[in-house]
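Here are some exercises to work through with the structure open beside you. Try each task yourself before you read its solution.

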Amino acid sequence: MLLDEPLIFERGSAGRMGWAVPERGEGPAEALPPELRREDDLAGFPEVGELEVLRHFLRLSQWNYSAATTMYPLGSCTMKYNPVVNEALVRLPGFAHLHPLAPEALAQGALELLAALEAGLCAVSGLDAVCLQPAAGAQGELLGMQIVRAHHVAHGNARRRVLIPSSAHGTNPASAALCGYAVTEVPIDARGLLTAEAIARVMDESVAALMVTNPNTLGLFEEEIEAVAAVVHGKGGLVYMDGANMNAIMGVARAGDMGVDVMQFNLHKTFSTPHGGGGPGAGPVGVRSLLAEYLPIPRLVRRGQELVWSEDAPKSVGRVRSFYGNFGVLVRAYAYMTRLGGAGLAEASRLAVLNANYIRARLEPVYHRPYDTPSLHECVLSDRHLQAHDVHTLDVAKRLLDYGFYAPTIYFPLVVKGALMIEPTETESRETLDEFIDAMLRIAEEARTTPALVRDAPHKTRVARLDETRAARRPVLRWRPPAKPAD
Amino acid sequence: MSGYSPHTPADVAAMLAAIGVDSIDDLFRQVPARLRERAAQDRSPGMTEPELRAHLEGLASRNTAAGATSFLGAGAYAHWVPTVVDQILLRSEFATAYTPYQPEVSQGTLQAIFEFQTFSAMLLGLDVANASMYDGASAAAEAVLMARRLLPGRRTVLVARSLHPQYRETLATYTRGLDGIDIREVPFAADGRIDLTALRAGLGADTLCVVLGYPNVFGVIDDVPGAAALAREAGALTITATSEPLALALVRSPGSCGADIAVAEGQSLGLPIAYGGPGVGLLATREQHLRSMPGRIVGETVDGQGRRGFVLTLATREQHIRRERATSNICTNQGLCALAVTVYLSLLGRNGLRRLAEVNRRGACGALARLEARGVARVLGGPFFNEFVVRVPDAGARFELGAGRGVVPGFPLERWYPELPDTLLVCVTETHGEAEIERLTDLLSEARRQPRSMQG
C-alpha cells in the first residue's frame, strides 16, 4: 500500500530545524543595512526535522514508476538500465568537488575524461569534432542550428528556411524558430520515409538546413538519407540530424557517413545516464570539420602534454550555458561507453532492435500497425482496431499502469492517429517483454469484453485520472501559507 | 561481453523465430550495406566493472584541485551538503523516471516539483515559478526571450557589465538569431554596483529589459530597487540573475526589489560543484506573466474521487503542441537537481537557512577584516554577502602558485575583466574554518610583499 503524505510545507513545528548548521566565523558581522535585509525572514519555509524530511521524500519516491522498478517503454526516450556503478563513480571526490575555475594543471583527470568522451562520440558518429557543453538534447539542437546559421552568415547569407519532415519531434521546429528560421514541413511517403524527391521539390537556396531524425520517430531507418543529403548539399544547405534515436544504430550506421553535417547526441538516452524525472541530461553536438570553427567556447585543446581550455575561437557562436556542460552526466556517459567498448555499444543497438521487433511481431496481429516498413529500435502501433469499442490510445496507456508497466509514448508522432510508440531498449529480458506483450494483448481483449474497465483505468494507482482541465483553467502552481484569521 | 543485456543465445534464437528472420543482421536490411560496413570498424572491447572503477578512480585522483583549500566562487559555490540529500537522489524511483507524462504513476516527481516551484517563488519573492531550467545562465537567456514576448515591440536589452560574463555570453548566443535584438552593456561604478547614471542614459522607449546580477559577479549586492525604478519609468522590465542564492536568505528578495522576472542558479543549494554541472536554473515571475513563462509547469488538481494530485499543466505554451510558436524549445526540466534543491531547502528550512547565511556572511567579513589588517585592500567595495574582490599584485601568478601549494586563493578577475588587473575574487563559505582563512591571509599578504620576479 502507498502511504499518504502532505506537502512539506504542511509539516513541522515553529523553531524546528532539520540539519544543525555549523557555528563558524569570527564574532558578529557588521549587520547589513536595513534596506538590504530580507523582507520576510523566509516566512513559509518549512521547519521540519531530518527524519521528517527523509520520510517525506521516501514516501514520494514510492509514488513513482521508474525504469529501475518497471519496464518503461516510453518511445524515443530510451529508458534503458542506468548502471548503478556509474552513480558511485560520479561521486568520487576528485569529480564531485572539482571547481570549474581551478587551474587546468590540477584538473587533468577531468579534462582527459572529457577529451576521451569527445573522441568516443566522434568515433561512433563518424563526425570530426564534438562539443560537450549543451545541457540537454533541445539545447544541443539550439546550438546545432546556431552553428548552421553561423556557417551561412559566414558565407554571406543566413538563409530563411529550415526543412523538417512531418514526423519530427516538436523541439525541431521550436529550435529552428529560436534561431530565426521559418519552418517548411516536408511530407513523408506511404512507407513512412523521407524521399530525395520530396526534398528536391522544396529545396532551394533559401533553405539553411534539413533537420532529420534517423532512425525517424516511426522507428524507421531513412533509407534515402545519402541521396537526401546530396540534394540538400547541392543547393548549399546543411543536414542536421537529431540524434535522439541513436540507440538503434551504434556500430550500424554513422551520421558522418550518411552525409550529416551536424547532430546532437542525447547522452541520457543512448549512453544510459539516469533521466532524473526530467533531467539533468546532456546534449553534445558533433560536427563535420567544416563547421568546427563555430563550436562554442571554451574548446578543449592539447598544449604539449596538457589539456587546457581555449577561448581562442573568433568564429565561435559563443556559449549556451555556464562552464563546460553537465559534467556529472558526462562522467556517467563516459563510464558507460568505456564499460561497453565499441563492441558492446554495437551489441546494445542490435539487441535493442531485436527487442522492438519482437514486440512488434507479437502485437501486430492485434494492434494496428500503420507502416509495414521494418522497424529498428521502436515500433509504432495505433488504436484503430480498438475504436469500435470506444477504447482509445489514452485508455490503453492508463490500463498498462494497472499491469505494472509505464506507458509508451502516446499520440506521437503526429502523423499516426492514436499512436502508441513503444521502445523496450536492449536491457529488458525476453520474459519481461513477454509479460508486457501479454498485458497489451489482455488489454485488447478487455477492450472487446469489458471496455469500461479500460476506459476508467487506472484502478490500482495512488490517484485515478486527474482533472487536467481544472489544472489549466484555474492554475494552482504553488503552496501558499494559510491566510491568517481575520481580527 | 560486458554489456547490460540479459539475452542468452537461446533467447535470441527464440525471438528471431517469433519475428520470422534468420539473424539479427536481417533486421538491419533497410540500412545500406556500405553504411554498415563503415560503421563496423570499431569493435573495441569493453571493461569489467573493477577495471572501470580503477580507470575512473585514476582519472579522479589526477584532479588534485578537488582536494585543495579553495576560495573559488564566481558562479559555483562549495557548501556542505547534508547526507540525506544524496540519499534521496540515489533513490532509483526518482533518478530513473522521466518527465511525468503519466501523472497517476509520477506523483512523487510531480509533488516534489510543486514543492520546488513553491520554494523558487518564495525564495525569489515572486508569485509563480516553473519546474526549472538547465542552469542560471540559460535561465537568464530564457528570461530575456520571455521579456520579448511580453513587450514585443522593444528591442534593446541593457545588461549590467557586472553580470557574470558567462551569463552575458549565453544571452548573446540565445538572442543572436532573433530580429534586431540589441544588447548593450551598462558599466559598474567604483563600488561595484550598477552605474545608475549610465543606466538612466541608456534607457528609452525601445528598452526591453534591464538584466543584472544579484549579488553580481563581484559578490556585491547590487542596487536592484534603484535600477528597477528607472526601468519601470521607461516601461521596461527588470530581470535579476542570482548565482549564489544562499544570499537570498539574508538579503531582500528580487521580487521585493522590483524584479519582474528573477532567475537563479541552484547549485549552491544542495548540489556538488562537479566541475560546473549539472546545476539547475530557477525562474520566477509575477502572476500576470504566467502564460509567457518557458519550461514545464506543475499544477495542483484533483482526481475523480476528489483526491489532491499534481499534473504537468499549461502545456499549450510548449513545443510539443505549439511547435515553432512555442515559448521555448525546452522540453524537460532539470528534475533530479531540482529535487536536490527541494530536499536541501526542506532540511535547512527557515531557521537553518538564515543561520547558514549568517555564518557565510560572518566568515566572509571576518576573512576580509584579517586581510585588511595585513594590508590587503578591498576594491569594488559595495555591500556584499560571501564574496568580495581584493587587490593582489600578480593575481594570476599568485593563483597558479597558491594552487600548486594546495590553496586556491580566489579567481583572478583580469581573465574576465581586463580593466581589473591585480584583483582576486574571494569566496568564503561555511566550509572554511580558522585554519583555511589563515592560509589565505598568509598567501595573500605574502603576495603583497613579494616583488614581481617571484612569479611561478
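**Exercise 1. Find which residue of β4(A) is the bridge partner of Leu163(A), then describe the strands around β2(A).**

Solution. This is a predicted model, so treat each step as reading a prediction.

Step 1. Go to Leu163(A) and look across to β4(A): the bridge partner there is Leu210(A).

Step 2. Now take in both strands. β2(A) and β4(A), which covers residues 207-213, run parallel and are joined by three bridges.

Step 3. Turn to β3(A), residues 182-186. This strand pairs with β2(A) in the parallel sense, over five bridges. One pair to look for is Val162(A) with Val183(A).

Step 4. Follow the chain from β2(A) through helix α6 of chain A, residues 171-178, to β3(A). Together these three elements make a right-handed β-α-β unit.

Step 5. Finally, check how covered β2(A) is. This strand spans residues 161-165, and four of its five residues are buried.

**Exercise 2. Is helix α6(B) buried or exposed, and does its length agree with the expected span?**

Solution. Step 1. Count the buried residues: 18 of the 18 residues of α6(B) are buried, so the helix is largely enclosed by the rest of the structure.

Step 2. Work out the span. α6(B) runs over residues 107-124, and at 1.5 Å a residue its 18 residues should span 26 Å. The C-alpha atoms at its ends are 25 Å apart, which agrees.

Step 3. Look just past the helix. Gly125(B) follows α6(B) and has a positive phi, near 70 degrees.

**Exercise 3. Which strands stand at the edges of the seven-stranded sheet in chain B?**

Solution. Step 1. Write down the strand order of this open sheet: β2-β8-β7-β6-β5-β3-β4, with mixed pairing.

Step 2. Read off the edges. β2 (128-129) and β4 (182-186) of chain B each have a single partner strand, so one side of each is left without a neighbour in the sheet.

Step 3. Inspect one edge. β2(B) runs antiparallel to β8(B), residues 281-285, and two bridges join them. There, Val128(B) stands opposite Thr285(B).

**Exercise 4. Describe the hairpin of β9(B) and β10(B).**

Solution. Step 1. Identify the pairing: β9(B), residues 298-302, and β10(B) are antiparallel and share five bridges. Val302(B) has Arg308(B) as its bridge partner.

Step 2. Look at the turn. Five residues lie between the strands, and Gly306(B) takes a positive phi near 80 degrees.

Step 3. Check burial. Four of the five residues of β10(B), residues 308-312, are buried, so this strand is largely enclosed by the rest of the structure.

**Exercise 5. How many residues of chain A are in contact with chain B?**

Solution. Step 1. The count is 166 residues of chain A, in contact with 167 residues of chain B.

Step 2. Ask which element gives the most to the side of chain A that touches chain B: helix α11 of chain A, residues 327-363, with 22 residues.

Step 3. Sort that side by class, and you get 93 nonpolar, 42 polar and 31 charged residues.

**Exercise 6. Where in chain B does pLDDT stay under 50?**

Solution. Step 1. Start with the whole chain: its mean pLDDT is 95, and 97% of its residues reach 70 or more.

Step 2. Now find the exception to read with care: pLDDT stays under 50 over residues 451-456 of chain B. Where pLDDT is low, the predicted coordinates should not be read in detail.

How values were computed. Residues numbered from 1 in each chain as written. Chains lettered and ligands numbered in written order. Predicted model: local features only at pLDDT ≥ 70, side-chain atom pairs only at ≥ 80, totals over all residues. Buried ≥ 20, exposed ≤ 12 C-beta atoms within 10 Å, placed from the backbone. Pairing = 2+ DSSP bridges. Right-handed = clockwise from strand over helix to strand, strands pointing away. pLDDT = per-residue confidence, 0-100. Contact = placed C-beta atoms within 7 Å. Expected span 1.5 Å × (residues − 1). Nonpolar A, V, L, I, M, F, W, Y, C, P; charged D, E, K, R; others polar.
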